[in-house]
Amino acid sequence: MSKIRVLVVGCGNMGASHAIAYHTNDGFEICGIVSTGKSKEVLNERLGGGYELFSDYDEALATTKPDAVCISTYPDTHEAFAIKALESGAHVFIEKPLADTVEGAERVAAVAKQTGKKVVVGYILRHHPSWEKFVELSHQLGKPLVMRMNLNQQSHGNMWDVHRNLMKSLSPIVDCGVHYIDVMCQMTRSKPLQVTAIGARLTDDIAANNYNYGQLQIRFEDGSVGWYEAGWGPMISETAFFVKDVIGPKGCVSIVAKEAGASGKSDNVDSHTKTESLRFHHADIDENNQFTKEDTWINLTDEPDHQELCNREQRYFLKAIQEDVDLTDHVQDAVNSLKIAFACDESVRTGQVVYL
């Protein structure tokens, strides 16, 4: 089977990880690397050199005529870059969010359908064995569910530059929230009805109309509720920054990440996906209100690091292309989680409940 020629667009943290995944996967061949700054030279050197470099996306697309395009640029370029790639006949792997508006995400989904090309969105947690187990075990807890999740990052150094750039187009609860909203939707398998959210601007380093701390709440049709909290910046607290919990009538399941929870690691990318252990608490009690079962600890030996998760995402992308996997639900899930995240963003800005 011939190799999939892929154009890598964006060479930051995620772009570089995806490029390494392509470089080490025999099913792919990188045909060009695109970035506006020096990051493409740094990445090219890291990969051993020899790849064709471009500063302009349109030129790269026209010159290389790729089979696939990997988009890891800032969110405000996602829609335009994806649509151009699809219309040129290429499949697309795109970092979340799919676009920086709901309408934009729907346009990308429509063009994917119309062209018959594959679009895989970078929902990295869907490829993590512990997170898959977390979702699976949540289905044993009964209904309704209470879902508690956060990822606060005391960003500094390079990570604060990355976060400030991201906040030129999105808030933390939209950019990161789509992952956890997606998880909540997988856990409840129920329709979200309404959202409320709050936010605060804790720095003059971002635009006056944005905020670097936010917390959202979702109500589902089956009575389930969930919240997610995200804060970025050098002022953010590292106390209880990593909470991943789901509670139901029959007990609760928690991701207990002792290492990720250690001081000073909240803005480390590897610690965001590290799970280490799942703790399954059983609610059964006897006539004396004493628990009848000990908590179960599940330690999955398959604990992929950030790079390995990116490798798995790209193996899935390759499979989707080679085996013509139907990605309709995958893309629709990405649109829906973005729709919920933007409804939360609207709630922050208006102070109102937003009905879905």
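Contact here means heavy atoms within 4.5 Å. On that basis, helix 1 and helix 11 meet in this predicted model. Helix 1 spans residues 13-23 and helix 11 spans residues 306-322. Helix 1 contributes Asn13, Met14, Ser17, His18, Ile20, Ala21 and Tyr22. Helix 11 contributes His306, Gln307, Cys310, Asn311, Glu313, Gln314 and Phe317. The residues of this contact divide into 6 nonpolar, 7 polar and 1 charged. The two axes come within 9 Å and cross at roughly 60 degrees. The crossing is right-handed.

Two annotated domains were examined next. The UniProt record, an unreviewed entry, lists "domain: Gfo/Idh/MocA-like oxidoreductase N-terminal" for residues 4-123. In the model, this span is 42% helix and 22% strand. Its end C-alpha atoms lie 21 Å apart. A further annotation in the unreviewed UniProt entry, "domain: GFO/IDH/MocA-like oxidoreductase", covers residues 139-232. Residues 139-232 are 27% helix and 32% strand. The end C-alpha atoms of that span are 32 Å apart.

The model contains an open sheet of 9 strands. The strand order is 14-13-12-11-7-10-9-8-15, and the pairing is mixed. Strand 14 (296-298) and strand 15 form the edges, each pairing on one side only. Helix 9, residues 177-188, packs on this sheet. Helix 9 touches strand 7 (146-151), strand 9, strand 10 (225-231) and strand 11 (242-248). The direction of helix 9 makes about 160 degrees with that of strand 7.

Strand 8 illustrates the pairing in detail. Strands of a sheet pair through backbone hydrogen bonds, either parallel or antiparallel. Strand 8 (residues 192-200) and strand 9 (residues 213-220) run antiparallel and are joined by 8 bridges. Within this pair, Ala197 stands opposite Leu216 of strand 9. Strand 8 also pairs with strand 15 (residues 354-355). That pairing is antiparallel as well, over 2 bridges. Here Gln194 stands opposite Tyr355 of strand 15. Helix 12, residues 328-350, lies across strand 8, strand 9 and strand 15. Helix 12 runs at about 50 degrees to strand 8.

Val111 was considered as a single position in helix 5, residues 102-115. The relative accessible area of Val111 is 9%. Val111 therefore counts as buried, the cut-off being under 20%. Beyond residues up to four places away in sequence, Val111 touches Ile83, Leu86 and Glu87. Glu87 is 24 residues from Val111 along the chain. The C-alpha atoms of Val111 and Glu87 are nevertheless separated by 7.6 Å.

Backbone geometry was then inspected at individual loop positions. The peptide bond from Lys96 to Pro97 is cis, with omega near -5 degrees. Pro97 lies in the loop between strand 5 (91-94) and helix 5. A cis bond also links Lys143 to Pro144, with omega near 0 degrees. Pro144 sits in the loop between helix 6 (129-138) and strand 7.

Positive phi values occur at Lys65 and Asp324, neither of them glycine. Phi of Lys65 is near 45 degrees. Lys65 is located in the loop between helix 3 (57-64) and strand 4 (68-71). The relative accessibility of Lys65 is 62%, so this residue counts as exposed, the cut-off being over 50%. Phi of Asp324 is near 50 degrees. Asp324 belongs to the loop between helix 11 and helix 12. Asp324 is likewise exposed, because its relative accessible area is 57%.

How values were computed: Residues numbered from 1 in each chain as written. Predicted model: local features only at pLDDT ≥ 70, side-chain atom pairs only at ≥ 80, totals over all residues. Heavy atoms only, no water. Pairing = 2+ DSSP bridges. Helix = DSSP H or I, 4+ residues; strand = E, 2+ residues; numbered from the N terminus. Buried < 20%, exposed > 50% of the residue type's maximum accessible area, 1.4 Å probe, protein only. UniProt positions renumbered as here; feature names shortened; annotations may be inferred. Axes fitted to C-alpha atoms, helices over the stretch in contact; angles between N-to-C directions. Left-handed = near helix turned anticlockwise from the far one by under 90°. Nonpolar A, V, L, I, M, F, W, Y, C, P; charged D, E, K, R; others polar.
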